[in-house]
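Open the model in your viewer and keep the selection panel at hand. The stops below go from the DNA to the sheets, then to the helices and a few backbone details.

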2 protein chains.
Amino acid sequence: MPDNAQPGRDRRPTLADVAARAGVSTALVSIAIRDAPGVSARTRERILLVAEEIGYRPDTRARLLRSNRSHLIGVCFGVQHAFHGDLVGGLYDAAESAGYELALSAVTANRDERRAITSLLQDRCEAMILLGPGTPPGYLTELAQRLPLVVVARAVRGVDVVRTADDEGLQQAVDHLVGLGHRRIAHIDGGRAPGAADRRRGYLQAMQRHGLGAEIRIVTGGLTEEDGADGARVLLADDPRPTAVAVFNDRSATGVLDVARTAGLAVPGDLSVVGFDNSRLARLSQFDLTTVAQDAEGIARLAVARAIDRLDGNPITRREQITPPQLIVRSTTSPPGQRNLLARATKPPIAG
Amino acid sequence: MPDNAQPGRDRRPTLADVAARAGVSTALVSIAIRDAPGVSARTRERILLVAEEIGYRPDTRARLLRSNRSHLIGVCFGVQHAFHGDLVGGLYDAAESAGYELALSAVTANRDERRAITSLLQDRCEAMILLGPGTPPGYLTELAQRLPLVVVARAVRGVDVVRTADDEGLQQAVDHLVGLGHRRIAHIDGGRAPGAADRRRGYLQAMQRHGLGAEIRIVTGGLTEEDGADGARVLLADDPRPTAVAVFNDRSATGVLDVARTAGLAVPGDLSVVGFDNSRLARLSQFDLTTVAQDAEGIARLAVARAIDRLDGNPITRREQITPPQLIVRSTTSPPGQRNLLARATKPPIAG
DNA sequence: TTGAAAGCGCTAACAG
DNA sequence: CTGTTAGCGCTTTCAA
């Protein structure tokens, strides 16, 4: 029965082990391993060979301890947010190509942001990237005093921010709907969620710009399906009813779809719906939701670049970097009034 | 313009700083900070006060370097898997209450499992927990030679495993359907995905047990919506058509729902559908999917406990620990043949 | 109860 | 090009 290994009894090979075996000093090994200048090609080769042979791996901690650099960027993310997953993927890529590593710290049901950040701090990361933080701005600016801090997907004054042009996203949604011929376009907002204020503003501006100031209709929503469903119920009671609705995010938009269809309204015939995020949800063929996509990769790249610029002491011009959103048209939007006589039958048949 | 802090110029307070300020030796501070025995209550209090005052935080790396213990458990997870998110939440809780910390390493589009594991290894974690690894068993057993390794949600021989009783899950699904009166029950499997083989086996056994060996019908599927949709199309061409289908997972099950409804079949009237995972997806009111739930919290707890048992050198009896699944009945299952005349109208009205 | 001193694995001066 | 030496911040004997 080949059991698991013992805890730490079988010491890993160290620089000294490699040095002894290669017949050189540890300093030389260090230089060779780091691919730094100052060693002959022949010696380097021999050292690398020996290192490989005995399976030597440098000890990150000792390295950091000595050089006082960790090359570590802390990332705080919500483990349940699909969009954060996209961002983390991009962050890994960007960090790696810049010679940095990521220290991940998740926010979970029982582990709040504060905890996640504290743990990152103890990891001695050199900079920190916070994805959609809910922490109060005061704490964030204080944190930014201690190390380079980049806030992603949330507008905070006084710290470095990378985010989507949320307002522009909603403007695109409204423009699209107006282009289809809609006038009574409502907005179910995100309440106090990050980005909600900007999206609300984008909606307002776009409506004004199209001369539809009189048609403005905002109901309070939130992040979840239930929030969207609640908002939809309010809107369906309106008279006249809106012909289209731009919703805070995809998740909430699915709640709208559900309520609309249950009420016998055809989507998009009776009601056009636009989401936000281009999440996996929106892409599901059951929803096939018209939505506003955020550029996760671009955001990630900018965030890492900014963190490193701070680390390098490069001059910063704009503290807020904003990436353009992109409307993805799918099947939940169409010209208004294409009401289909079968519409009421879209209510699923009651089993039994 | 209050700019961000410099990289590492403003040195953080060290043990020595605290010692100097408190007028004691570093050794004493170390003892006090760690809450170890060997210092008078008065002195300890004073030290802790000073530490607090100058904002001292112990340096994890140096600590580890010296004590040769990291109290770090590495966790490798898929950043896009909702279920992994649940598990990570539980792992944090379990690790914390055992005095360990987690080092997270994500598998992303451009970062494979091998990379994620290697990075964990360099972090000098003492044990490793792999969530649904796709890595070949050979590499896993090799890895288990180096440190305590716990594989979660995948059956691998020769290493410690914690997983749901996948077979039992599918048996519960079949039992439920049989109880409702179904006989032609099909299974769209998960292909080569972790757990797929066991779920397939569970399906087979349950069908045999109910004397429905002649009705066994398995089609190859996979992890995604598209896999489920493909499988559903195959099944719908069957004559006679199955009245119920147990699908590999929720995500794939939504593909089945989509195809069924588009084809004018009522769910559950014409076709009952059972998923697996009890993911957020299943809980959406649009799907309201009957599904088999896994006990994420329990799995997480067992995984951490096992890792620590290995670390402590405790004797292990069973290498494989299996948690019971639980069927969650929602609205996609009902007795068969409750075909509704309106069924064909469930096809969404074509706009325009 | 307290302090001095050694050293974890590594890097960065400097000397040869 | 190579080796020696001195720590990084911490824990841990061992004496006092």
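Start by selecting DNA strand D and the residues around it. There are 26 of them, and A27(A), R66(A), L15(B), A27(B) and S30(B) come nearest. A residue is near a molecule or strand here if its C-beta atom, placed from the backbone, lies within 6 Å of it. This is a predicted model, in which local features need pLDDT of at least 70 and side-chain atom pairs count only at pLDDT 80 or more, while totals for chains, interfaces and linings use all residues. Residues are numbered from 1 along each chain as its sequence is written, and chains are lettered from A and ligands numbered from 1 in the order in which they are written.

Now colour the helices at strand D. At least two residues of the surface near this strand come from each of α2 (26–33) and α4 (60–67) of chain A, and from each of α2 (26–33) and α4 (60–67) of chain B. Helices (H or I, at least four residues) and strands (E, at least two) are DSSP runs, numbered from the N terminus. Colouring by class gives 12 nonpolar, eight polar and six charged residues near DNA strand D. In this scheme Ala, Val, Leu, Ile, Met, Phe, Trp, Tyr, Cys and Pro count as nonpolar, Asp, Glu, Lys and Arg as charged, and the others, Gly among them, as polar.

Next, select DNA strand C. Which residues are the closest to DNA strand C? They are L15(A), A27(A), S30(A), A27(B) and R66(B), out of 26 that surround the strand. Two or more residues of the surface near DNA strand C are given by each of α2 and α4 of chain A and α2 and α4 of chain B. The largest share, five residues, belongs to α4(A). By class, the surface near DNA strand C holds 11 nonpolar, nine polar and six charged residues.

Leave the DNA and colour chain A by domain. Domain 1 covers 15–58, domain 2 covers 66–164 + 296–323, and domain 3 covers 166–294 + 327–339; these bounds come from an automatic or database domain assignment. A distance drawn between the C-alpha centres of domain 1 and domain 2 of chain A should read 35 Å.

Stay in chain A and show the strands. Four of them make an open sheet in the order β7-β6-β8-β9, with parallel pairing; two strands pair if DSSP finds at least two bridges between them. At the edges are β7 (217–219) and β9 (272–274) of chain A, each paired on one side only. On average, neighbouring strands of this sheet are turned by 20° against each other, direction ignored. Zoom in on β8 (residues 244–247) of chain A, which three bridges join to β9(A) in parallel. Here A244(A) stands opposite S272(A).

Move to the sheet of chain B. Its four strands also form an open sheet, ordered β7-β6-β8-β9 with parallel pairing. β7 (217–219) and β9 (272–274) of chain B stand at the edges with a single partner strand each, so one side of each has no neighbour in the sheet. Select β6 (residues 185–188) of chain B: four bridges join this strand to β8(B). A186(B) is the residue opposite V245(B).

Three helix pairs come next.

- In chain B, select α8 (residues 166–180) and α9 (residues 196–209), which pack at about 40° with their axes 7 Å apart. Axes are lines fitted to C-alpha atoms, for helices over the stretch in contact, and angles run from 0 to 180 degrees between N-to-C directions. α8(B) and α9(B) are therefore oblique to each other; angles under 35 degrees count as roughly parallel, over 145 as roughly antiparallel, 65 to 115 as roughly perpendicular and the rest as oblique.
- Also in chain B, α10 (residues 225–236) and α11 (residues 250–262) have axes that come within 6 Å and cross at roughly 45°. That makes α10(B) oblique to α11(B).
- In chain A, α5 (residues 82–97) and α13 (residues 296–312) pack at about 50°, with axes 8 Å apart. This pair, α5(A) and α13(A), is thus oblique as well.

Finish with the backbone. A cis peptide bond joins V267(A) and P268(A), with omega about 10°; P268(A) lies in the loop between α11 (250–262) and β9 of chain A. Another cis peptide bond joins D239(B) and P240(B), with omega about 0°, and P240(B) sits in the loop between α10 and β8 (244–247) of chain B. Last, select D35(B), a residue other than glycine with a positive phi, near 65°. D35(B) is in the loop between α2 and α3 (41–53) of chain B.
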